[in-house]
Amino acid sequence: MKKYLLGIIILLGFSPFLSNISPVHAEDFQKPIVESLSEFQTKGKLTHTIQAIPLHVAAIQNFIFKNQSPVTSMDVMHSVYPNIQPSELANMTADFDDSLTYFKHQSIKFTKVNGIPDYHIIVNELRAKRPLLIQLRANVPYWLEPESALLLYGVQVFPLPDGSANILYICRSLNHIDQVTYSGGGERNFNLLANEKGQDPTIGNITYSWVGTAYGFSK
């Protein structure tokens with residue numbers, strides 16, 4: 001009897017807090033948003049290069065402007081460094097911001113932001129059939145590839161009742177393994193060198209963070 005009364009007292013004591021809890025109903029959840037560019041369903045042969053970012057810049061150009069002559073990473077390099085001989089350019093690379101000047105030289109408009117754009121922007125870009133260009137930076141010093149890039153070609157968004165969302169980002173790498181990561185931490189832990197780590201244990205601790213994004217490529 002005492003235990004029964006104690007239970008009633010505890011329940012009554014917590015009743016003000018319980019009354020403030022709002023129940024979550026099925027109708028509070030929105031349908032997932034799924035967007036993907038079908039052209040990326042098949043992965044081509046990897047390109048082994050030190051020009052990772054120019055390679056992905058060229059891929060953006062070739063994908064969006066299909067009616068123009070294809071360009072290569074060397075075309076991007078020559079645009080960025082017009083006064084350097086091709087023989088020297090072959091042993092060089094360009095960082096993310098320098099590589100983006102290629103688009104400016106081609107009168108191509110785009111937007112560059114630090115970090116990750118709102119998922120609404122990503123969804124709208126993919127619906128417009130435009131992949132996004134992701135800037136990656138190594139989390140520890142790595143002389144061979146301190147920066148890299150990915151093509152964001154798919155997203156799955158799971159909106160939550162509180163207005164936030166769980167997001168799955170689907171990315172293509174042209175010189176490494178493809179990357180799929182979730183929001184909430186995965187954006188700072190791209191295991192870009194997963195395949196190479198089996199052959200070189202000295203790079204076992206190298207991961208990459210998503211530090212910038214370019215999108216909205218148009219004439």
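# Chat about a predicted model

Modeller: The protein chain has 7 helices and 7 strands. Keep in mind that this is a predicted model.

Biologist: In what pattern do they follow along the sequence?

Modeller: The order is α-β-α-α-α-α-β-α-β-β-β-β-α-β.

Biologist: And how much of the chain counts as buried?

Modeller: Of its 219 residues, 41% are buried. As for contacts with a separation of 6 or more, 58% of them are between residues 24 or more positions apart.

Biologist: Let's take α2. How many of its residues are buried?

Modeller: 12 of the 13, so mostly covered, where buried means under 20% relative accessible area. The buried ones include A52, I53, P54, L55 and H56 at one end of the list, and F63 and I64 at the other.

Biologist: What covers them?

Modeller: Both helices and strands. The cover includes α3 (73-80) and α5 (96-105), along with β3 (132-138), β4 (147-159), β5 (165-172) and β7 (208-218).

Biologist: How far apart are the end C-alpha atoms of α2, and what span should it have?

Modeller: The ends are 19 Å apart. At 1.5 Å a residue, the 13 residues from 52 to 64 should span 18 Å, so the two values agree.

Biologist: You listed α3 in the cover. At what angle do α2 and α3 pack?

Modeller: About 105 degrees, and their axes are 8 Å apart. Angles of 65 to 115 degrees count as roughly perpendicular, so that is what this pair is.

Biologist: Which residues meet there?

Modeller: From α2, P54, L55, V57 and A58; from α3, S73, V76 and M77. By type, that contact has 6 nonpolar residues, 1 polar and no charged.

Biologist: P54, L55, V57, A58 is an odd spacing. Why would residues three or four places apart point the same way?

Modeller: An α-helix has 3.6 residues a turn, so residues at that spacing point the same way.

Biologist: Switching to β4. Is S148 buried or exposed?

Modeller: Buried, because its relative accessibility is 0%. S148 lies in strand β4.

Biologist: What does S148 touch?

Modeller: Leaving out residues up to four places away in sequence, S148 touches A52, I53, I134, Q135, L136, L192 and Y208. Of these, A52 and I53 are among the buried residues of α2.

Biologist: Which side chain does the S148 side chain join in a polar contact?

Modeller: That of E145, at 2.6 Å. The side chain of E145 also makes a polar contact with the side chain of H176, at 2.8 Å.

Biologist: Where is H176?

Modeller: In the loop between β5 and β6 (179-182). At 6% relative accessibility, H176 counts as buried.

Biologist: What else is H176 in contact with?

Modeller: Apart from E145, H176 is in contact with K43, L46, L192, L193 and E196, again ignoring neighbours within four places in sequence. L192 is also touched by S148.

Biologist: Backbone next. Which phi does S107 have?

Modeller: A positive one, about 60 degrees, although S107 is not a glycine. S107 lies in the loop between α5 and β2 (109-114). It is exposed, with a relative accessible area of 53%.

Biologist: And what about the phi of K129?

Modeller: Positive as well, about 65 degrees, and K129 is not a glycine either. K129 lies in the loop between α6 (119-127) and β3. At 49% relative accessibility, K129 counts as partly exposed.

Biologist: Why does 49% count as partly exposed?

Modeller: Because exposed means over 50% and buried means under 20%, and K129 falls in between.

Biologist: Now G216. Where is it, and what does it touch?

Modeller: G216 is in strand β7. Outside the four places on either side in sequence, G216 touches K109, F110, E125 and R130. G216 is buried, with a relative accessible area of 18%.

Biologist: How many residues separate G216 from L126 along the chain?

Modeller: 90 residues, while their C-alpha atoms are separated by 9.9 Å.

Biologist: Last one. Is K104 buried or exposed?

Modeller: Exposed, with a relative accessible area of 58%. K104 is in helix α5. C-alpha to C-alpha, K104 and S79 are 9.8 Å apart, with their positions 25 residues apart in sequence.

Conventions: Residues are numbered from 1 along each chain as its sequence is written. This is a predicted model: local features need pLDDT of at least 70, side-chain atom pairs count only at pLDDT 80 or more; totals for chains, interfaces and linings use all residues. Side-chain values use heavy atoms; hydrogens and water are left out. Helices (H or I, at least four residues) and strands (E, at least two) are DSSP runs, numbered from the N terminus. The expected span of a helix is 1.5 Å times one less than its number of residues. Buried means under 20% relative accessible area, exposed over 50%, partly exposed in between (1.4 Å probe, protein chains only). Contact means heavy atoms within 4.5 Å. A polar contact is a pair of N or O atoms within 3.5 Å; within protein, one must be able to donate a hydrogen and the other to accept it, and residues adjacent in sequence count only if both atoms are side-chain atoms. Axes are lines fitted to C-alpha atoms, for helices over the stretch in contact, and angles run from 0 to 180 degrees between N-to-C directions. Angles under 35 degrees count as roughly parallel, over 145 as roughly antiparallel, 65 to 115 as roughly perpendicular and the rest as oblique. Ala, Val, Leu, Ile, Met, Phe, Trp, Tyr, Cys and Pro count as nonpolar, Asp, Glu, Lys and Arg as charged, and the others, Gly among them, as polar.
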